[in-house]
Structures are given as structure tokens and as C-alpha cells.
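Colleague: I'd like to go through the charged side chains with you. Could you bring the model up first?

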Amino acid sequence: MADPSLSTCPVCARRFPQTPGPGRRKVYCCPACRRRAQRVRDGRAEPPAAHSSRPLALRLAEDLQRCAARLLEAEHAGRDLAVLLRAADELMGEVECYKAAAVHDARLRGAGWRDVSRAACVSEVTARQRWGEAAIRRRLQRRDAERAAQAAGEDIPAAWEAAAGREELPGDPAARRLAAVLSELRRRSGLTLRDVATGNDLSPSYVSRILAGERLPTWPVVRTLATALGGDPAELRVLWEAGHGLAPAPRDSIDAAAGRLRAALRGLYLAAGSPPYAELCRAAGDRLTGDAVHDLLHGATVPEWESTSLLVSALGGLPAEIRPLWEAFHYGFLATIDGPPAGG
């Protein structure tokens, strides 16, 4: 017989105790579920899907373990490099889905965006953009579609081999960050999507897909859109290159290397929604100051890598993508101090 002192939350299906005594019985387990139910009633969110008794993150963690086992199996079988890299890509995708599920479960337990941002070491703005309800739903729907396509073949590594060399959709994180910068520039410009499209001989649907992160266009298109929206194309160049898997072009000029690093950092700053410096300092565990953030974005001196890495992470970027730019600036600066080699 069911325990009358326990109720089931209609949003997350979690069992929770009722407070004894007079008064109305609680319907929801926490304020987060109550707010989500209100958004559904207001038409601002979709009704929750049927919930399993097991947390979503736990189910994805088990799938993650199976992906890792497939990668290990492919390595032991001596598969081609293309197969191994594709297996690694799938594993990385599962990691991102797991992180989204973990945030989803924490939010259902009542965690606020500040709690999420501190745990992930990113700004609250970045956390909302990356793990909002709609973003998580789209990610998991895309994952389900990919898994259904994979399930059509019995030998997944063989399917990877057949797909090797095919043109793929743009890398999700890079496309999202590039789209976030363009969307922020459009918001600041006050232009409508149709104004942007027709003014640059592009179709509104194509521009819409770019701003949604569904398409990673050619560099001339990115440059055209950035200029039309009043932005600096240089601030989007590194994000575009990362999305296409391009290595940074070598630069001989230290001024060019410095400008490229600053432009990349400002691009990430725009992609994060230009959060207040104080918020970035908190996301970095208070290991950055407001002055340090300003110097990293606009200063002229060579920054330390630790500070640069902290800022990139707080902005939701990948330090590994920025490291080559920092090294070009850093070692180029050292070369100017040391001078040319003897006898040169």
C-alpha cells in the first residue's frame, strides 16, 4: 500500500514527503518544478515527457560507458584512424549530452542558475544559453535521431567506416558560439532578420539557420553579416575557423598575433552575451579581477596563460582553441626581446 505521507511530483515524478499538520498538501516537490508547471500552463514551455524512475543523467552515464567500450573495442581491433576518431567524436558528444542531463536533473532538484554556473565555472548567461530547457530538448532530440540512424546498422564501426569522408554538419559548440555572436550583433543593431537577409542578397531562412547555429557558413558570408550588423569580422574569425577544424594561420607580425588573440577573446565575450565583469570573476572562482578581465579583452600587454584560460572557460569557450593564439603572441613577444640568433 502506498505511503500516504509521500506524494509524486507531476513534473519530475520524484517522490517527496508531505509536511504534517493543517494546510494544503504540496503538489510539487520544489519551487523549480512549480515554476516549470506554471510555464506549461502559460504556454511558455512544453509539457514534461513521461519520466522514468531513474535520473536522466544516470541513464546517459550508462550509455556513455557503452560508447567508451566501443571505442576501446575499435582500438583493440586495429580499426582505421577515421573509425577511431569517429568513435572519439561520438564519445565526446555523449559527454556533452551527459552534462546537459546532469544540469537538467540538478534543476529538477531545485538548483538555481547561480549554482549551475559555479559548478560549471561559466557565467550565468552562458549556463542559461547552454543548458536551458529548449537547448537541452533540442540536444536530446538530435541525439535520439542520431542513435536511431546508427541502430539501422548492426556493426556500428562498419557504419563509421562507410561514413568516413562524408561532409558533416558543423561542429555544435563552435556553430553555437558563432551564432550567439551574430545574434547578439543583430540584437544590438535593431535590424530585423529580413532586413539583414535582403540587404545582403541572402534568403531569410538561410540567415535564420545561421543564427540558430544550424549552419556554419563560408567565411565571406560571416564577414558580410558581421559588417552589416556593425561588428568586427576579426572577432568572429577564430570561432569560424574552430567550427571548420582549421588551424590558425601562421602570423609573422607580433601586432597581428596580439590583435588576433584579443579579437578571439572579444568574440567569446560577445557569444556569452557580454556579461558583467563581476559575473565573469565569480565564474572564475574569484581568481580574476575586473581590471584583469578588461586587460585581457582590450589591453596591450602579453597576458599570462592562466588568466587567459580562466577567462575563456568563464565565457564558455575551449582553452585549447585559444592556446595557439596565445602562444603565437607570447613566443613572438619573447622573440623580439631575445633578438635574432647569433650570426643571423
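Modeller: We can now talk through the salt bridges and the places where their residues sit. This is a predicted model, in which local features need pLDDT of at least 70 and side-chain atom pairs count only at pLDDT 80 or more, while totals for chains, interfaces and linings use all residues. Residues are numbered from 1 along each chain as its sequence is written, and side-chain values use heavy atoms, with hydrogens and water left out.

Colleague: How many salt bridges are there, and what counts as one?

Modeller: The count comes to seven salt bridges, where a salt bridge is a side-chain nitrogen of Lys or Arg within 4 Å of a carboxyl oxygen of Asp or Glu.

Colleague: Which residue does D63 pair with?

Modeller: D63 forms a salt bridge with R66, and their closest N and O atoms are 2.2 Å apart. The two residues are separated by about one helical turn because they lie three residues apart in helix 2 (residues 56-76), a helix here being a DSSP run of H or I with at least four residues, just as a strand is a run of E with at least two, both numbered from the N terminus.

Colleague: Is D63 buried or exposed?

Modeller: D63 is buried, with a relative accessible area of 12%, whereas R66 is partly exposed at 46%. Buried means under 20% relative accessible area, exposed means over 50%, and partly exposed lies in between, using a 1.4 Å probe and protein chains only.

Colleague: What about R114, where is its partner?

Modeller: R114 forms a salt bridge with E124, with the closest N and O atoms 3.3 Å apart. This pair links distant parts of the chain, since R114 is in helix 4 (residues 113-120) and E124 is in helix 5 (residues 124-131), 10 residues apart. R114 is partly exposed at 42% relative accessibility, while E124 is buried at 18%.

Colleague: And what joins E327 and R323?

Modeller: The side chains of E327 and R323 meet in a salt bridge of 2.9 Å, N to O. Both residues lie in helix 17 (residues 319-338), four residues apart, which is about one turn of the helix.

Colleague: Which residues are joined into one network?

Modeller: E184, R187 and R188 are joined into one network by salt bridges that share partners.

Colleague: Changing topic a little, what surrounds E184?

Modeller: E184 is in helix 8 (residues 172-189) and is buried, with a relative accessible area of 10%. Leaving aside neighbours within four places in sequence, E184 is in contact (heavy atoms within 4.5 Å) with L270, G273 and S274.
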